[in-house]
Amino acid sequence: MTKILRACSVFKSLKHGITTCNRIQRPVWSLGKSGVRIFSSKAQTAQVILDDGTKMKGLSFGYPHSTAGEVVSGLLVQDYSHNYSHWNSVKSLGEWLNEEKIPALYGIDTRMLTKIVRDKGTILGKIEFEGDPVEFVDPNLRNLMAEISTKEVKIYGKGNPIKIVAVDCGIKHNIIRLLVKRGVELHLIPWDHDFTNMEYDGLFLSNGPGDPTLAKQLVANVHKVIQSNRPEPVFGICMGNQLTALAAGANCYKLPMGNRGQNQPVVNVMNGQAFITAQNHGFAIDSTTLPEGWKAMFVNANDGTNEGIVHETKPIFTAQFHPEAKGGPTDTEFLFDAFISLIKKGKGTSIASVMPAVPPPPERLKVSKVLVLGSGGLSIGQAGEFDYSGSQAIKALKEENIKTVLMNPNIASVQTNEVGTKQADTVYFLPVTPEFVTDIIETEKPDGILLSMGGQTALNCGVELHKQGVLEKYGVQVLGTPVSSIMATEDRQLFADKLLEINEKIAPSFAVENLEDAFQAAEKIGYPVMVRSAYALGGLGSGLCNNKEKLKEIGGNAFAMTNQILVEQSLLGWKEVEYEVVRDAADNCVTVCNMENFDPLGIHTGDSVVVAPSQTLSNEEYHMLRETAIKVVRHLNIVGECNIQYALHPSSLEYCIIEVNARLSRSSALASKATGYPLAFVAAKLALGIPLPNIKNAVSGKTTACFEPSLDYIVTKIPRWDLDRFHGASREIGSSMKSVGEVMAIGRTFEESFQKALRMCHPSVEGFVPRLPMKKVWSDDFDLQQDLAVPSITRIYSLAKALHSGISIDKIYELTAIDKWFLYRLKQIVTLEKELIKHNSETISDELLLSAVYSSCNPEVAIDTLAAEYPAVTNYLYSTYHGEEHDLEFNDHGIMVLGCGPYHIGSSVEFDWCAVSSIRTLRQLGKKTVVVNHNPETVSTDFDECDRLYFEELSLERILDIYEQEGCKGCIISVGGQIPNNLAVPLSKYGVNILGTNPMQIDRAEDRAVFSGVLDELQIAQASWMAVNSLEHPVVLTKFIEGAREVEVDAVSKEGKVLAHAITEHVEDAGVHSGDATLILPTQTISQGALEKVKIATRKISRAFEISGPFNVQFLVKGNDVMVSNLLQHV
């Protein structure tokens, strides 16, 4: 099968066909910009559906609810799911295509095709079978609406009181449904029917395909109506907009690419309100040619093109977009209500008067100094994501020339750096508590305070300051979401009451303040029940209770931390879905990212595998939850960013709202990195009262921030736990978060993204394999079915073991409630692996190898927020085997900096601070930077911190790929902790120029036996030691020195010469790990003589290992005796 594009190269397809039809019925198509094409539209005649699959926000390919006339000529998709599992599915996409004789290909690099269309404009193409050639035909030369319009008058909603004549240019069925639902008797007439003398209450001009200038007779009829001054309202959609404008005397032109897809931002010129719309048009009206009496009503926020017109005195208005969208957002469905209101109110009614009331545009807040509250020390549920969000907020405020004061006692955070163009003007290393914040307010006299960037710590502190009257006393405005709204989301009873006000669905629940009331609530609801704490972090104090005893245990622990808990009906087994929502003070609202938990409800989202965009929701489910999110956020008066979490029934449209976080969160950081949309940066601007349409999309550099990102890839987040370090700790996971970090992987398919994430979590893991990390063995009492049924930190590997063992998908679903779509995709990995291990490099076929990787190259692809529909100015990248070309050229030859990977015990935000400091210094020196990291909580992965950012694995293979492709001049491995440090020697062996200490010297220091031997040669004292044999790693036993003090030297050397150093002392005696010890600077109990010995030994070690860069030496000091205990050759 061959896919051919005119004026482009010929694509010889080695891909896969979905359909098996022998003859193409409609072989030629017009290819527009990538986007979702709607199956139920007659207007799709002679077009191809080009879609990335992933960008469809996870819409399952199922049987279309309704079709009319010809639908599509061909279908190209990035990926295809052979097994569908949605509860509402009737048949597979492949079956439907086969019935309709529509050819389709999958495994196509749709991003590459999108870029071709973006650069060349709409082009012709065809799919043909070998030996059965077809000719190119340009459908735009035909009057397509004449081909698909009804041939006779049809009546819908007969007997309804309002009579509307609808001109059928290719009307969508949902338009008919929406009008009939509003009491309309709809008379559907052919496109060329003379309606000028017909009686009606309103005239509707429908959407339709093709060139509007070819419908001369219809334009003439509309012109007669306009000139006749008939009082009946006229409403046109899409083609109806173009026909009305032509009839009025304006000009029409063909767009280079067309505006297509479900996320086109449109602004109402009459009141400045913005909407997200579904569009699919290749022609537009030239607003500058509109005659007197007419004006633009809507404009596209991205490219400024016309999106609708209105007459200044007559009841005539149009929309270029689709307010009836299905699929697509329904934000502008109110236009049908406006049309009906115009009809009912009669002559003299202005169009503005029937539009929904819009609050007056807010004035920008007048603040000159803002206090930003940080999150304090890292803890489970509150980690590096708040360093990222706070840093972005400070950048946004400084860009608006506002002085910033930061309170955060976390010394390891980037935001607390003392100097820099992106740093706060003043930093206080003080606890974020009401008492200390009050003192700073008295001293600094800020006129604004930002509460949403410091997690639960900052939020709770802000609420308390509000209750105490501190903010009012000192005239400090809360920027963004008001405190009353914050309290409504945090107080469980207030939250439930607020949702009931708008008839939104929550699980049956009771907010209680003591255990006795909790027991009574549980009896009323019925066990099992879920307990949730108010004003809690990371699900702290929550849990599933199957009986009164468990409720007593969990409730008792919760009341030790809070004065209120919520006892609610358990929805265990329901899907968990999240939306990140942004709203400005002018009531413009968009959903930036939709995410789906791989695990069902019952596991905290921080401990769950999360996939973005959602993969198992139908269009109906997706937009039902999206509309609810916007409705809730507006009712709660959120200004800025928030997260809303749902429980969705796995086999119906029933849903419940779990909670709303009126602040930046870990999910926000994931959503921001997953989409490329700088949520915290935008939220800070919105907090100042700046409207969304006025904020630029910093990633594309050309579009507005008032949009919903398109994803032509799939993101998978997998948590990192370190519970194995705590002997006796339960490995089970639930509603209270236990993970200490997470990774984010990007791929063009779920399988690629998922396996990348597994490898990122643990360097010892090869992918979706039935083996535990770090070569650990399954316990003797391991019960596979029990491990599947009870969520734990190893369940992913148990899933692999189950599939390898031949346990059925149905049985695994019964045990786990994980959606079968995910299980089918995981089974494909196992099936392919079993086939691959039958072969070696000599026996494997090209077809099998290609099916494993989909492509013979490994291109670097950009995350641009718009799925290649607009050129991006940032270089936010990932690698994939599912593409055929790079998104950029490699001429920078920058310096590579390796990040820290997932946060875990022993490696946390301090390494991100080191990486960012290194990157910023390199850029100040005029060096281009290439960063590799996969931790979404980090500042180093922010969109503007480096010249090239790769969200990729920190593995030897991937780093070598990027290093070679970029032509890097060198690589810094000393600022990312142990993971990059361990790669020093292998990278060097493959020719990577490691900047800093020679990798061989790093290796010598890492080998404890070699290191101890060098100390003996240098006559540097150390505790008695002995090397012992081990099957896996060299082991050195060292005598423990009782009663010794521990001293550390952190230094920087160049070619062995120490240039700078600092000496700290542990408060605890030696034996406590430095990460768990209390350190003081300068030392307090160490004699000057001992300190001199420390300095001398440090210099000797630096020279012996020829250190260039940062290093740390740890000493034991007892009296004047000084002994070296350890050397680390990284920050």
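Is Ala-1023 buried or exposed? With a relative accessibility of 5%, Ala-1023 counts as buried (buried is under 20% relative accessible area, exposed is over 50% and partly exposed is in between, with a 1.4 Å probe and protein chains only). Keep in mind that this is a predicted model, in which local features need pLDDT of at least 70 and side-chain atom pairs count only at pLDDT 80 or more, while totals for chains, interfaces and linings use all residues. Residues are numbered from 1 along each chain as its sequence is written, and side-chain values use heavy atoms, with hydrogens and water left out.

**Two buried residues and their surroundings**

- You can find Ala-1023 in the loop between helix H30 (1008-1017) and strand S41 (1025-1028); helices (H or I, at least four residues) and strands (E, at least two) are DSSP runs, numbered from the N terminus.
- Not counting residues up to four places away in sequence, Ala-1023 touches Thr-1038, Lys-1039, Ile-1041 and Met-1123, where contact means heavy atoms within 4.5 Å.
- Thr-1038 is 15 residues from Ala-1023 along the chain, and the two C-alpha atoms are separated by 6.2 Å.
- Met-297 belongs to strand S16 (residues 294-300), and its relative accessibility of 0% makes it buried.
- From C-alpha to C-alpha, Met-297 and Val-269 are 5.3 Å apart in space, with their positions 28 residues apart in sequence.
- Setting aside neighbours within four places in sequence, Met-297 has contacts that include Val-267, Val-269, Gly-308, Phe-317 and Met-355.

**A partly exposed tyrosine**

- Tyr-474 sits in the loop between helix H11 (470-473) and strand S23 (477-478), and with 28% relative accessibility it counts as partly exposed.
- Beyond its neighbours within four places in sequence, Tyr-474 is in contact with Thr-438, Ile-441 and Glu-442.
- Take Ser-805 as a distant point: it is 331 residues from Tyr-474 along the chain, and their C-alpha atoms are separated by 67 Å.

**Aromatic rings**

- A pair of aromatic rings is described by the distance of the centres and the angle of the planes.
- There are 22 aromatic pairs in the structure; rings of Phe, Tyr and Trp (its six-membered ring) pair if their centres lie within 6.5 Å, and planes under 30 degrees apart count as stacked, over 60 as edge-to-face and the rest as tilted.
- One pair is Trp-778 with Phe-782: the ring centres are 4.4 Å apart and the planes are at 45°, so the pair is tilted.
- Phe-782 itself is partly exposed, with a relative accessible area of 23%.
- A cluster linked by ring pairs brings together Phe-598, Phe-750, Phe-754, Phe-768, Trp-821 and Phe-822.

**Charges over rings**

- The charged end of Arg-230 is placed over the ring of Tyr-200, 4.0 Å from its centre; a charge sits over a ring if NZ of Lys or CZ of Arg is within 6 Å of the ring centre and within 35 degrees of the ring normal.
- In a second case, Lys-524 lies over the face of Phe-510, at 5.4 Å from the ring centre.

**How two helices pack**

- Helix H19 (residues 750-761) packs against helix H23 (residues 820-836) at an angle of about 75°, and their axes are 10 Å apart; axes are lines fitted to C-alpha atoms, for helices over the stretch in contact, and angles run from 0 to 180 degrees between N-to-C directions.
- H19 and H23 are therefore roughly perpendicular (angles under 35 degrees count as roughly parallel, over 145 as roughly antiparallel, 65 to 115 as roughly perpendicular and the rest as oblique).
- On the H19 side, the contact is made by Phe-750, Glu-751, Phe-754 and Gln-755, while H23 brings Trp-821, Phe-822, Arg-825, Leu-826, Gln-828 and Ile-829.

**Backbone details to look for**

- Tyr-527 and Pro-528 are joined by a cis peptide bond with omega of about 0°, and Pro-528 lies in the loop between helix H14 (515-525) and strand S25 (529-533).
- Another cis peptide bond joins Ala-612 and Pro-613, with omega of about -10°.
- Cys-238 is not a glycine, yet its phi is positive, near 60°; Cys-238 is buried at 3% relative accessibility.
- Asp-587, also not a glycine, has a positive phi of about 75°, and its relative accessible area of 15% makes it buried.
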